Amino acid sequence: MTDSTQFPLLLEPLTIGGMTLRNRVVMGSMHTGLEDRVWNTDKLAAYYAERAAGGVGLIVTGGFSPSVTGQLSPAASTLATPLQIPRHRRVTRAVHKAGGKIALQLLHAGRYGVTPYKTAPGTEPSPIHPFKHIRMTDFMIRQEIKAFGRAAALAHASGYDAVEIMGGEGYLINQFLCERTNDRTDQWGGGTENRQRFLVEVIRDIRRRVPRDFPVILRQSIADLVSGGQTWEEIESMARKAEAEGVDAINTDIGWHEAKVPTIVTSVPRAAFVKYTERLREVASVPLITSNRINTPEVAEEILARGLVDAVSMARPLLADPEFVNKAAEGRPDEINTCIACNQACLDHVFEGKKASCLVNPRAGRETTLILGPTRHALRVAVVGAGPAGLSSAVSAAQRGHKVTLFESNDSIGGQFSIASRIPGKEEFAESLRYFQRQIEVTGVDLRLNTRVSAEDLKDFDEVIIATGVTPRIPEIDGVDHPSVMTYAEAVLGRREIGRRVAVIGAGGIGFDISEFLTVTKSPTLDLEKWEQEWGVDDEFPGFVTKPHAPAPAREVFMVQRKPGRQGKTLGKTTGWVHRATVKMNGVEQISGATYERIDDAGLHIRLEDGETRVLAVDNVVLCAGQESVRDLVDPLTAAGVNVHVVGGADVAAELDAKRAILQGAEVAAALG
Ligand code: NAP
Ligand code: SF4
């Protein structure tokens, strides 16, 4: 059944060069880690095929380097010889069989490679990667141009429907385009025309090597978000040249990896950068594809309705739900598992050299190993606790056809996710709760809210999954029972009044979240103008960056930990720096190496590393000192001979982690009879 009335523009076909897409959803390029090893080819094919079957218009692969010098890391994916064609054909065949189309992205990392043999146009080393690069000679530049052309021809021979040239995110082409990284004085550097020459020649060589109707898409950086980046005039002139040289579509790209402005994390307002793609319409007549923080069909449809861009690129939302397009087309958008832009299982993994998956959809990247097929023996399954682990277990088991009863002692589902969704900039977590709530209805899970169960109540079930989560740890500090003290859950759920001066005990993920909760006046996610001021984004300046304007914090906050050294080291690889910058911006005083002496009417008494004592004269103390597992049902159930599985925080509180919780829930459900 197709109900395209809700998203008529999103579901309209689009022609790019000689290729017609069935709709306007492009799955943007994202490295998964499966590209790099030959033995993972079938896993990669299955991953893409599932998205093709889910209805996406075009898939763009993760970046393949046209040469060894452009690799992202040693042994990372390349497309440089005809010997690689058979492997790529396995991928393109799988996608075509599933009814989809797929473009190969050509990405030369330049100074962003993590190899000792990387090459780049200028002299400045990458501030975020090890190894010095080799500065390219004229001969090397010409060789790389030919490598791009050869790789495009190989992509065509491999059955890809198009190629995309990666010209953004601070990779090689972007390095040529910007003064920041191009200090050459020959014909490849200096004025705008010289800096643009490399990209122009790359497009020319590709166009010479592939048929005219084979689409060439340019991923063009339209907001570098670094000083020394391109001006708007340069961006416009590059778009004009690209079109004149035979580029069939421009897929706009935002921000370098070394940018100090977040571009994709959950606190970035939805569709924050679409206005720049729209502005490019004034000079571009080829289809324009926009991207960044677009994660629902509603937002995508709204963008297309403004009539200035032609398609919407989403990478992570297609990891989160391969059926995104089908669900939108069938009038079931409320069943979409929405990407919450946490980066925890996708980009954090990629930057740690691990395979990408998805926090809310652990099957992503595990299509051939985590199978949630229909069961032949429906069991009576009890799940206790409706936090992320319990929800994942319950819904996955019910999807397989088991008869699931989900018990929750609170009056709503969500557990730690309900707390997270109230943190400014983390509002997207509410989408996961909406998804699970809808799945409970769709799969027929029997949800019993306000129900605290005993072991006795559970003994007649075939399988019991304990997902009772955690309770905040109460540290042993003299005066911890003082009326000014509260747990983070009490603070966030609004159960207690909080004064103007607050000490936060603990500087882990939750300590940072709470410090933001206490100081941020209005969520930046909900106010684009305010967010731009906070991060200093302004398209009047080259690279679109200017001085940030810190907002006035709502409270004076001290964040304290016992460990010495910098706080926030355990935060996510791609998101931690945003949290560290946010608390700094909001004036949070960070105190490490503290010993807690006592809490009393005067506030929190601590001793510092140098032995000096200090009283933090605060109105309240909020405890963010980790958690302890709640698992009191486990022993009695085991003793009664019931099949018990323990998942999420109830299993391991020390690394309370929604990624592990949701994966564990799905794995337990997959293993049930
Ligand atoms: P956590 O990251 O383990 O941090 C616990 C904090 O409590 C530490 O700063 C620790 O510092 C302190 N602590 C531990 N035992 C203590 C004690 N007995 N007395 C006083 N202080 C104590 O745990 P969390 O903050 O609760 O976060 C839980 C999990 O959720 C983490 O795995 C985290 O990755 C995840 N999470 C992440 C984010 C994010 O990345 N933004 C946000 C929320 C949650 P000292 O021992 O040095 O005092
Ligand atoms: Fe989105 Fe988080 Fe999943 Fe990545 S891990 S795709 S950011 S929900």
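This passage describes two annotated domains, their strand arrangements and the surroundings of one ligand in a predicted model.

Local features were considered at pLDDT of at least 70 and side-chain atom pairs only at pLDDT 80 or more, whereas totals for chains, interfaces and linings use all residues; side-chain values rest on heavy atoms, with hydrogens and water left out. Residues are numbered from 1 along each chain as its sequence is written, and chains are lettered from A and ligands numbered from 1 in the order in which they are written.

The unreviewed UniProt entry places the feature "domain: NADH:flavin oxidoreductase/NADH oxidase N-terminal" at residues 10-335; UniProt positions follow the numbering used here, feature names are shortened, and annotations may be inferred rather than shown by experiment. Residues 10-335 are 34% helix and 16% strand, with their end C-alpha atoms 17 Å apart. Helices (H or I, at least four residues) and strands (E, at least two) are DSSP runs, numbered from the N terminus.

Eight strands form a closed barrel in the order S3-S4-S5-S8-S9-S10-S11-S12, with parallel pairing, where pairing requires that DSSP finds at least two bridges between two strands. From one strand to the next, the twist averages 30°; axes are lines fitted to C-alpha atoms (for helices, over the stretch in contact), and angles run from 0 to 180 degrees between N-to-C directions. Within the barrel, S10 (residues 249-254) and S11 (residues 288-290) are joined in the parallel sense by two bridges, and isoleucine 250 has leucine 288 of S11 as its bridge partner.

A second feature, "domain: FAD/NAD(P)-binding", is placed by the unreviewed UniProt entry at residues 380-650. This span is 28% helix and 23% strand, and its end C-alpha atoms lie 21 Å apart. An open sheet of five strands follows the order S18-S25-S19-S20-S21, with parallel pairing. Its edge strands, S18 (485-487) and S21 (589-591), each pair on one side only, and the twist averages 20° from one strand to the next. S19 (residues 501-505) pairs with S25 (residues 620-623) in the parallel sense over four bridges, with valine 502 opposite asparagine 620.

Strands S23 (residues 603-607) and S24 (residues 613-616) pair in the antiparallel sense over four bridges. Histidine 605 has valine 615 of S24 as its bridge partner. Five residues lie between the strands of this hairpin, in which glycine 611 takes a positive phi near 90°.

Ligand 2 is surrounded by Arg316, Leu319, Cys339, Ile340, Ala341, Cys342, Asn343, Ala345, Cys346, Cys358, Leu359 and Val360, a residue being counted if one of its heavy atoms lies within 4 Å. This shell comprises ten nonpolar residues, one polar and one charged; Ala, Val, Leu, Ile, Met, Phe, Trp, Tyr, Cys and Pro count as nonpolar, Asp, Glu, Lys and Arg as charged, and the others, Gly among them, as polar.
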